[in-house]
Number of protein chains: 2
Amino acid sequence: MHTAITIDALKVLDAIDRKGSFAGAAGELFRVPSAISYTVQKLEEDLNIAIYDRSGHRATLTPAGRYLLEEGRTLLEAAENLAHTTKQVAQGWETRLRIGFNTLLPAECLFPAIRAFYDLGVPVEVQIIEEVFAGSWDALQSRRVDLIVGADQLSKPAGTFTTKALGKMNFVYAVAPDHPLAAATQPLAEEDIARYPAAVAADTSRSLPPGHAGIFRRQPTITVANIDQKIAVQQAGLGVGWLPESRIRSQLREGQLIALDVHDVRQPIMLHLARHAEDQGKALMWFWKTLSQSEELTSWLET
Amino acid sequence: MHTAITIDALKVLDAIDRKGSFAGAAGELFRVPSAISYTVQKLEEDLNIAIYDRSGHRATLTPAGRYLLEEGRTLLEAAENLAHTTKQVAQGWETRLRIGFNTLLPAECLFPAIRAFYDLGVPVEVQIIEEVFAGSWDALQSRRVDLIVGADQLSKPAGTFTTKALGKMNFVYAVAPDHPLAAATQPLAEEDIARYPAAVAADTSRSLPPGHAGIFRRQPTITVANIDQKIAVQQAGLGVGWLPESRIRSQLREGQLIALDVHDVRQPIMLHLARHAEDQGKALMWFWKTLSQSEELTSWLET
DNA sequence: TATGCATGTTCGAATTATCTGAAGTTGTTG
DNA sequence: CAACAACTTCAGATAATTCGAACATGCATA
């Protein structure tokens with residue numbers, strides 16, 4: 001049960017090639033030439049192949065030896081990287097960080113931070129997961145995610161969490177320009193609104209029954225998975241409802257959606273960063289600090 | 001100058017995880033438990049990290065230990081594969097095989113053979129290189145390629161080569177349907193032809209001056225890189241000339257090109273496989289045998 | 001609660017692997 | 001031809017790894 005290839009043997013092959021001789025490699029590795037001879041011959045014996053052609057004065061690599069040298073360099077580098085990255089993990093870098101973000105915010109608000117994080121070169125896999133309504137807190141509490149970007153204060157569960165306010169998300173009541181409500185008398189009354197399907201994003205919380213979105217009236221609804229779909233559905237005139245103002249700036253400007261006055265106004269929501277109070281991983285704390293100061297993120301909110 | 005990670009240590013970590021205990025791993029590796037303890041502790045000391053949490057009865061992996069185990073498995077597999085593939089190279093498989101093919105043939109005639117070759121699972125990198133006219137033999141002689149598919153007998157150079165006939169390539173004189181020559185009296189005379197640009201594929205031989213394609217008259221030419229381009233240029237009505245009949249079967253059938261009778265007919269060319277007589281690599285001989293019997297290849301030729 | 005068994009560690013000694021230094025062979029260069 | 005370089009062989013020295021015995025601790029069962 002013996003492994004033929006060892007990291008040390010590959011190092012020796014590499015040094016021989018770079019220095020041009022067994023003697024040169026011996027010098028670099030602080031060994032004597034016969035030790036180099038021994039290592040090479042042991043490798044040849046264990047693999048049962050000839051790595052060097054010794055018919056000349058100077059040993060030359062066989063095709064198999066050349067192949068082993070070149071592929072072996074890849075392995076050497078991987079072994080060195082693994083030692084390095086393992087140490088980084090031991091120093092507190094998580095191997096994985098899952099970031100949940102409220103669908104009220106666009107995924108791209110996280111991209112600059114993620115890009116900067118990858119530039120650090122630490123071995124952490126970053127995952128981003130979109131959540132709707134109470135899904136954000138639920139995901140954090142049940143540890144489906146490690147960090148929440150855009151958690152509200154309404155559905156915060158029991159437990160010790162650390163939060164930081166990011167800014168307010170405003171809402172507008174938006175309809176497509178050719179929707180009947182676009183021509184109705186403003187401010188819109190509840191009975192006017194109730195006549196048309198509401199576009200509703202389905203809560204991603206796993207603790208609540210499906211379809212529970214704070215709607216108990218008999219208004220018909222179109223259920224979608226996230227805010228992007230809600231915007232699209234309302235833009236297509238299939239549904240009506242509240243939308244985050246910053247998310248539909250261009251649609252409002254270009255007339256693809258129309259903001260209406262409503263009798264019962266939906267209040268802005270303060271959105272937060274949130275994490276478990278006891279979590280202190282280096283990647284988590286890095287993102288906490290970076291996203292606390294992210295202009296890309298706050299450009300979608302009112303501070 | 002000491003490498004922390006060894007292949008053996010990674011094997012030990014793997015066995016511990018699979019067997020669920022140090023004792024289990026010791027059994028599998030035919031060692032005693034204290035030898036396992038020693039290996040793990042040596043690795044921890046060399047990396048200067050804790051791989052196992054020993055606060056319980058049974059040692060459990062730290063996050064860094066888990067990371068090392070999982071990434072280390074990749075390295076273990078790579079090392080085993082390298083030993084295997086190196087042995088294959090030593091047994092006569094080349095690390096690389098360059099196949100030159102005459103542009104008169106389509107690249108896809110080689111694909112079934114290449115696919116079958118990859119199914120062998122041997123560590124040989126296959127490259128295909130297109131050649132025009134004398135470029136085929138030139139590439140073989142100067143060892144830019146190891147095998148030629150579609151070598152003619154006209155430009156065969158000095159040297160000891162092994163050849164095998166594959167079949168004949170027929171030629172037709174083809175023009176676009178709206179080209180003036182399409183309405184000319186047949187068989188076309190030389191003076192009729194000379195009035196329009198000839199489409200010419202540039203010889204890829206490096207031993208000849210550029211532009212040397214057997215044309216010494218003052219007929220204007222459009223020079224292209226290969227037969228596919230020659231077909232396209234002639235189909236667009238920009239040039240005229242001889243084309244391999246099998247390569248333009250569908251164009252002739254659909255009327256995108258028209259075959260004309262010419263006074264001076266171009267004779268068919270016998271195409272061959274060719275290699276250096278002394279080359280006997282396993283991959284080379286595999287392709288030699290396979291392509292000798294390839295129906296995909298001979299479907300483009302007349303046998 | 002006591003007992004038996006499993007798990008992992010410590011430690012000195014045994015065993016194995018690797019390295020060293022000296023002598024030797026062969027090729028290359030001035 | 002002499003000097004030097006390159007690599008090998010071989011016995012002995014050194015270093016690394018494994019072993020076996022004793023030990024400490026946790027867990028399951030009677």
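User: Which residues come nearest to DNA strand D?

Analyst: This is a predicted model, and a useful way to read a protein–DNA surface is to begin with the residues that approach the strand and then turn to the individual atom pairs. Around DNA strand D there are 19 residues, of which Phe22(A), Ser37(A), Arg54(A), Val32(B) and Tyr38(B) come nearest. On the DNA side, sugar and phosphate make up 68% of the atoms of DNA strand D that come within 4 Å of the protein.

User: Which elements supply at least two residues each to the surface near DNA strand D, and which of them gives the most?

Analyst: Here one assigns the residues to their elements. Helix 2 (22–28) and helix 3 of chain A each supply at least two residues, as does helix 3 (33–47) of chain B. Helix 3 of chain B gives the most, with five residues. Sorted by class, the residues of this surface near DNA strand D are seven nonpolar, eight polar and four charged.

User: Where do N or O atoms of the protein lie relative to a phosphate oxygen of DNA strand D?

Analyst: For each pair one should ask whether the protein atom belongs to a side chain or to the backbone. A polar side-chain atom of Arg54(A) lies 2.5 Å from a phosphate oxygen of DNA strand D, and an N or O atom in the side chain of Gln41(A) is 3.4 Å from a phosphate oxygen of that strand. In Val32(B), by contrast, a backbone N or O atom is involved, and it lies 2.7 Å from a phosphate oxygen of DNA strand D.

User: How many residues are around DNA strand C, and which come nearest?

Analyst: The reading proceeds as before, from residues to atoms. There are 20 residues around DNA strand C, and Val32(A), Ser34(A), Phe22(B), Ser37(B) and Arg54(B) come nearest. Of the atoms of DNA strand C within 4 Å of the protein, sugar or phosphate accounts for 65%, while the rest belong to bases.

User: What parts of DNA strand C do the side chains of Ser34(A), His57(A) and Arg58(B) approach?

Analyst: The part of the nucleotide has to be named for each pair. A polar side-chain atom of Ser34(A) lies 2.8 Å from a base oxygen of DNA strand C. An N or O atom in the side chain of His57(A) is 3.0 Å from a sugar or linking oxygen of DNA strand C, and one in the side chain of Arg58(B) is 3.2 Å from a phosphate oxygen of that strand. The elements that give two or more residues to this surface are helix 3 of chain A together with helix 2 (22–28) and helix 3 of chain B. Helix 3 of chain A provides the largest share, five residues, and by class the surface near DNA strand C has eight nonpolar, eight polar and four charged residues.

User: At what angle do helix 1 and helix 3 of chain A pack, and which residues meet?

Analyst: A helix pair is read from its angle, its axis separation, its handedness and its contacting residues. Helix 1 (residues 7–19) and helix 3 (residues 33–47) of chain A pack at about 120 degrees, with their axes 10 Å apart, and are therefore oblique to each other. Their crossing is left-handed. From helix 1 of chain A, Asp8(A), Ala9(A), Val12(A), Leu13(A) and Ile16(A) meet Ile36(A), Thr39(A), Val40(A) and Leu43(A) of helix 3 of chain A. This contact has seven nonpolar, one polar and one charged residues.

User: Is the crossing of helix 5 and helix 10 of chain B left-handed or right-handed?

Analyst: Angle and handedness are best taken together. The axes of helix 5 (residues 111–118) and helix 10 (residues 282–292) of chain B come within 10 Å and cross at roughly 135 degrees, which makes the two helices oblique. The crossing is right-handed. In helix 5 of chain B, Ala113(B), Ile114(B), Ala116(B) and Phe117(B) meet Ala283(B), Trp286(B), Phe287(B), Thr290(B) and Leu291(B) in helix 10 of chain B, a contact with eight nonpolar, one polar and no charged residues.

User: Which residues does a cis peptide bond join in chain A, and where is Pro187(A) found?

Analyst: Such bonds are recognised from omega. In chain A the cis bond joins Gln186(A) and Pro187(A), with omega about -5 degrees, and Pro187(A) is found in the loop between strand 7 (171–175) and helix 7 (190–193) of chain A. In chain B, the peptide bond from Gln186(B) to Pro187(B) is cis, with omega near -10 degrees.

Notes. Residues numbered from 1 in each chain as written. Chains lettered and ligands numbered in written order. Predicted model: local features only at pLDDT ≥ 70, side-chain atom pairs only at ≥ 80, totals over all residues. Heavy atoms only, no water. Axes fitted to C-alpha atoms, helices over the stretch in contact; angles between N-to-C directions. Helix = DSSP H or I, 4+ residues; strand = E, 2+ residues; numbered from the N terminus. Parallel < 35°, antiparallel > 145°, perpendicular 65-115°, else oblique. Left-handed = near helix turned anticlockwise from the far one by under 90°. Contact = heavy atoms within 4.5 Å. Nonpolar A, V, L, I, M, F, W, Y, C, P; charged D, E, K, R; others polar. Near = heavy atom within 4 Å. Polar contact = N/O pair within 3.5 Å; in protein donor to acceptor, adjacent residues only side chain to side chain.
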